[in-house]
Amino acid sequence: MPHETRHRVVVLGGGFGGVFTAKNLQRVAGSDVEILLISRHNFFVFQPLLAEIAGGSINPGDGVTPLRRFLPGVSVMVAEVRAIDLEGKKVEVTLDRGSGIRTVAYDQLVIALGQVVDLSRTPGLADSALVMKDLVDAFNIRNKVLGCLERADAAIDAERKRSFLTFVVIGGGFTGIETVGEVQELIGKSLRYYPNIRADEVRIILIQHGSRILMELPEHLAAYAAEQLRRRGIEIRLRTGVAAATATGIETDSGQQIDAATIVAAIGNAPSSLVRSLPVALERGRIVVDRHLRVPGQDGVWALGDNAQIPLGDARDGKVAYAPPLAQFAVREAKVLARNILAQMEGRALTVFEYRSLGTMASLGGRRGVAEIMGVRITGFIAWAAWRAFYLSLLPGVATRIRVAADWLLDLMVSKSIAEIRAAQPGSGQVRFRAGELVFVPGIDPGGLYVVTAGMFEVGADQHQAAAEGRGENAGSTRKLGPGGHFGMSLARTAGPGDGWARACEDSIAYFVGKDDLHRLAMVAALIGSKQDSDEASRIAASRDR
Ligand SMILES: Cc1cc2nc3c(=O)[nH]c(=O)nc-3n(C[C@H](O)[C@H](O)[C@H](O)COP(=O)(O)OP(=O)(O)OC[C@H]3O[C@@H](n4cnc5c(N)ncnc54)[C@H](O)[C@@H]3O)c2cc1C
C-alpha cells in the first residue's frame, strides 16, 4: 500500500496497554497500517519491577526497555500529549519545553495513558512523600533511603538521627508491600557499612487503612506476608489512616505523630486531568468502553489499560465486573484491541475481551513471597522464585531479560551498592511543619530558601558557632518570622552549610525554593538590568556549589 493512503493508528501511552497494542497490531497488520506510538519517555517501564529497582536488586537502566528497539516497524514519538480533539481526529503534543504545540492527525486512536498519583486529599502528603509509579520514583526512593543512612551515621542530634532512621510506607496493597519489603532488605544489607547506626535504631513502618494487608489475596496468604514482614522488624499499623504529612513526618488519623525523614506513598491512583477532560463517558474517572474496547459514540477511538473501564461480562443482577488495573490484564486487552482494529478496518466481526486471571503473587523481599496460581496457594522461597521467573518471562525484549537476570544473579553473589546518587537538589514547593518541628539545625545545609506563607517560625544563630566567630552579642539571638518572612539560604548566598537553626512555633507552612531554583533566580535577578549585573550573573554562575 502506498504510504500516503495508509491507515494511521495513533497509540497514546508507552506502558503495558500502548506498547503491547502497537506490538500486536504491527504483527497482525504488517505494513498495511501506519502505527505511531506517542509517549513521554523513550522507554517502557515494567512497573511490577519498580520495587526491586528501589531496593537496588536491579539497576534502573536495566529494568526498562527502549521503545524503538522493542517496536520495529512502529514509529515512536517522545512527546507530552496535551490535548485530544476527538471531533477533529487529532491530538496536540509538545516535544520539549519551548518547542510549541504540534498536531498529529489519526484515523484510529488508542488511549492508553494509565493513571497518575493524586495525593491531594491528605494535607501536605503531595509535598512530603515520595511516590512509586515511574522509574525516577524508584530511583529517588533508593537514593533517599541511602541518603538517610548517610545523614544518620553522621548525625549528632539524637532527634534528627531518629527521624533519618524512620521510614514510613503508606499503603498495604501490592505496591506498598513490595516496596516496604525491598526497602527493609536494602537497609538490612547496607547497615554493616554504617558503624554509627545500630540495627535496633532503624524503624520501618507500614501504614494500612484496611483491616489487613494485601486485600487482593486470600486471608491466610496475607497473614503469612504480614508475619514475614513483622519478623524482619517491619511495624504494620492496620486500620490507620494518614491525616496530614509534613516535611518531617506524618500525623495519623488517631492524632499520633510519627517523625520520619522518608515517607513513601503507595496509594492515590487517579485518572489524569487529560483523560478527565475528554468529552466521553467516564466511570470512576476511567473511560467507559464496550466489551470490544471501543469508546461508545466515538468512531475509531479505543481505550484500554488503567485508564479504561472495561466490562468483563454482561450485567448480572444489575452488577458488572470490570477489569482490574493490572499489567496482566492490560497485556491481554492489547491483544484483543489490536485484532479488533484490523477487523474493523476489514469489515469483520469484532472479538469481545474475556480474561480470567491466572493468579496473583507478591514478592516480600528477603527471598520470600506469596502467590495464588490457578487456585494453588504457595508461600516462602518457592513463591518468591515463581514471582521472579514469571516476571522475567513477561519482560519485553531479550536484552532486558538478560540484563535483569544478570542483576538478580549479581545481587545474590555480591553486596548491594550503597552509592547515593543525587540527581538534583530538592525541588521547590510548599512544605508544612508541625508546631515545634525543626526545619534545620546548625551545620546542616538548609537546601534552599524558605518563605513563610502561614503560621510562625523562629530562627536563630548557633550559639557555639557565633561565639567562635566573635559574634558574641548575636550568639543565641532569635527572630520570629510570620507570613512574608524568609530564612535559610538567600539570593546572595546559594551555597554552603547554614550556621543557624529554624523551628516552627505553631503549625506552619513555608514555600521552599530549592538550591538549584534559587540559583536560577539569583541569575535572573542579576541579569535583568545593566552590564554590571551580567558580570554579577557570571560571578554567580562561577561560584555555584555543585
Ligand atoms: C509499583 C507498581 C507495581 C505494580 N505491580 C504489578 C504487578 O505485580 N502485577 C500486575 O499485574 N500489575 C502491577 N501493577 C499495575 C500495572 O503496572 C498497571 O496495571 C499497568 O502498568 C497499566 O498499563 P497502562 O498501559 O494502562 O498504564 P501505564 O503502564 O502506566 O502506561 C501509561 C503510559 O502513558 C504515558 N503517559 C501518560 N500520560 C501521558 C501524556 N500526557 N503524554 C505522554 N505520555 C503519557 C506514561 O508515561 C506511560 O508510559 C503495578 C503498578 C505499579 C505502579
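**A few notes on this predicted model**

1. Let's start with the fold as a whole. In this predicted model, take the contacts in the protein with a separation of 6 or more: residues 24 or more positions apart account for 68% of them. The protein has 546 residues, and 41% of those count as buried. Its secondary structure comes to 15 helices and 34 strands, so don't worry if you lose count while scrolling.

2. Next, look at the ligand. There are 31 residues around it, and those that come nearest are Gly13, Gly15, Gly17, Gly114 and Gly305. What is the shell around the ligand made of, in terms of nonpolar, polar and charged residues? The split is 13 nonpolar, 14 polar and four charged.

3. Which parts of the chain build that shell? At least two residues each come from helix 1 (16-29), strand 6 (80-85), helix 7 (174-190) and helix 10 (327-345). Now zoom out to the domains. Domain 1 (3-40 + 79-115 + 271-345) gives residues to the shell, and domain 2 (125-269 + 359-413) does too, so the ligand lies between them.

4. Helix 7 has a residue worth clicking on: Gln184 sits in this helix. Is Gln184 buried or exposed? Within 10 Å there are 24 other C-beta atoms, and a residue needs 20 or more to count as buried, so Gln184 is buried.

5. Who are the neighbours of Gln184? Leaving out residues up to four places away in sequence, Gln184 touches Ile204, Arg232, Ile234 and Gly365. Try Gly233 as well: Gln184 and Gly233 are 49 residues apart in sequence, yet their C-alpha atoms are 8.4 Å apart in space.

6. Helix 11 (residues 380-394) is good for a quick sanity check. With 15 residues at 1.5 Å a residue, helix 11 should span 21 Å; the C-alpha atoms at its ends are 22 Å apart, which agrees.

7. Helix 11 also has two faces. Ala383, Trp384, Trp387 and Arg388 are buried. Why do they belong to one side? These residues cover an arc of only 135° around the axis, which puts them on the same side of helix 11. Turn to the other side of helix 11 and you find Phe381, Ile382, Ala389 and Ser393, which are exposed.

8. Finally, what covers the buried residues of helix 11? The cover includes strand 24 (359-365), strand 25 (368-373) and strand 26 (376-379), along with helix 12 (398-413).

Key. Residues numbered from 1 in each chain as written. Predicted model: local features only at pLDDT ≥ 70, side-chain atom pairs only at ≥ 80, totals over all residues. Near = placed C-beta within 6 Å. Helix = DSSP H or I, 4+ residues; strand = E, 2+ residues; numbered from the N terminus. Nonpolar A, V, L, I, M, F, W, Y, C, P; charged D, E, K, R; others polar. Domains from an automatic or database assignment. Expected span 1.5 Å × (residues − 1). Buried ≥ 20, exposed ≤ 12 C-beta atoms within 10 Å, placed from the backbone. Arc of directions from axis to C-beta. Contact = placed C-beta atoms within 7 Å.
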